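Me: I have a model here that I would like to walk through with you. Could we take it in a few short questions?

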Amino acid sequence: MAGKQAPDPAKEVIDTLVSRRMTLATAESCTGGLLSGAITAIPGSSEAFYGGFVTYSNSAKSRMIGVPARMIQDHGAVSAPVARAMADGARNTARTDIAVSITGVAGPSGGTERKPVGLVYFAVATKDGTDVKEMRFGDIGREAIRRASVETALKMVLETLAKPDEH
């Protein structure tokens, strides 16, 4: 369809949050602020976006948003428990209604047999709980993994906001 533009998930997130008077925080590792950048590219995002934590190092995850160092040691930074703790920690630290986290292996190095390049964990935290998702994008290139991670995180926030009991 000529002229038909795909909906921007970041705009949908901001529009939904603003209409519900809700706030959002982000906690990013492998995306290094790209998610926050996508959100703040939307005019009016300041009405709903509190801010983001770029917790690239393990110590930043612990110091900035309270991810237990022992959890990182036991499960690795790229894990479901750490993604959950990142989202919970961002939400609690920022005191927002919702928080989303991303932690993964963007490559080109850093992958292992158990945790290959393209493995990314996401979590969305609300007052009603925290949902975690694992994605395996494959070794599609660092930037493609990071872009796919931003899209996935935004879609997870939209899915969470679509739940009838989440607002």
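Here are some questions and answers about this structure.

This is a predicted model, in which local features need pLDDT of at least 70 and side-chain atom pairs count only at pLDDT 80 or more, while totals for chains, interfaces and linings use all residues. Residues are numbered from 1 along each chain as its sequence is written, and side-chain values use heavy atoms, with hydrogens and water left out.

Me: Which side chain of opposite charge is nearest to R91?
Reply: R91 sits in helix α5, residues 80-94 (helices are DSSP runs of H or I, at least four residues; strands are runs of E, at least two). R91 is buried, meaning under 20% relative accessible area with a 1.4 Å probe, protein chains only. R91 has no salt bridge, which would need a side-chain nitrogen of Lys or Arg within 4 Å of a carboxyl oxygen of Asp or Glu. At 5.9 Å away, the nearest side chain of opposite charge is D97.

Me: Which element gives the most residues to the largest nonpolar core?
Reply: A nonpolar core is a set of buried Ala, Val, Leu, Ile, Met, Phe, Trp, Tyr and Cys residues joined through side-chain atoms within 4.5 Å. The largest one has 38 residues, with L17, L24 and L35 having the most contacts inside it. Elements giving two or more residues to this core include α1 (9-20) and β3 (98-104). With nine residues, the one that gives the most is α6.

Me: What is the handedness of the β-α-β crossover from β1 to β2?
Reply: Strands β1 (residues 24-28) and β2 (residues 49-54) run parallel, joined by five bridges. Between them the chain passes through α2. Handedness is judged with the strands pointing away from the viewer, and a clockwise path from the first strand over the helix to the second counts as right-handed. This crossover is right-handed.

Definitions and conventions. Buried means under 20% relative accessible area, exposed over 50%, partly exposed in between (1.4 Å probe, protein chains only). Lys and Arg count as positive and Asp and Glu as negative; His and the chain ends are not counted. Two strands pair if DSSP finds at least two bridges between them.
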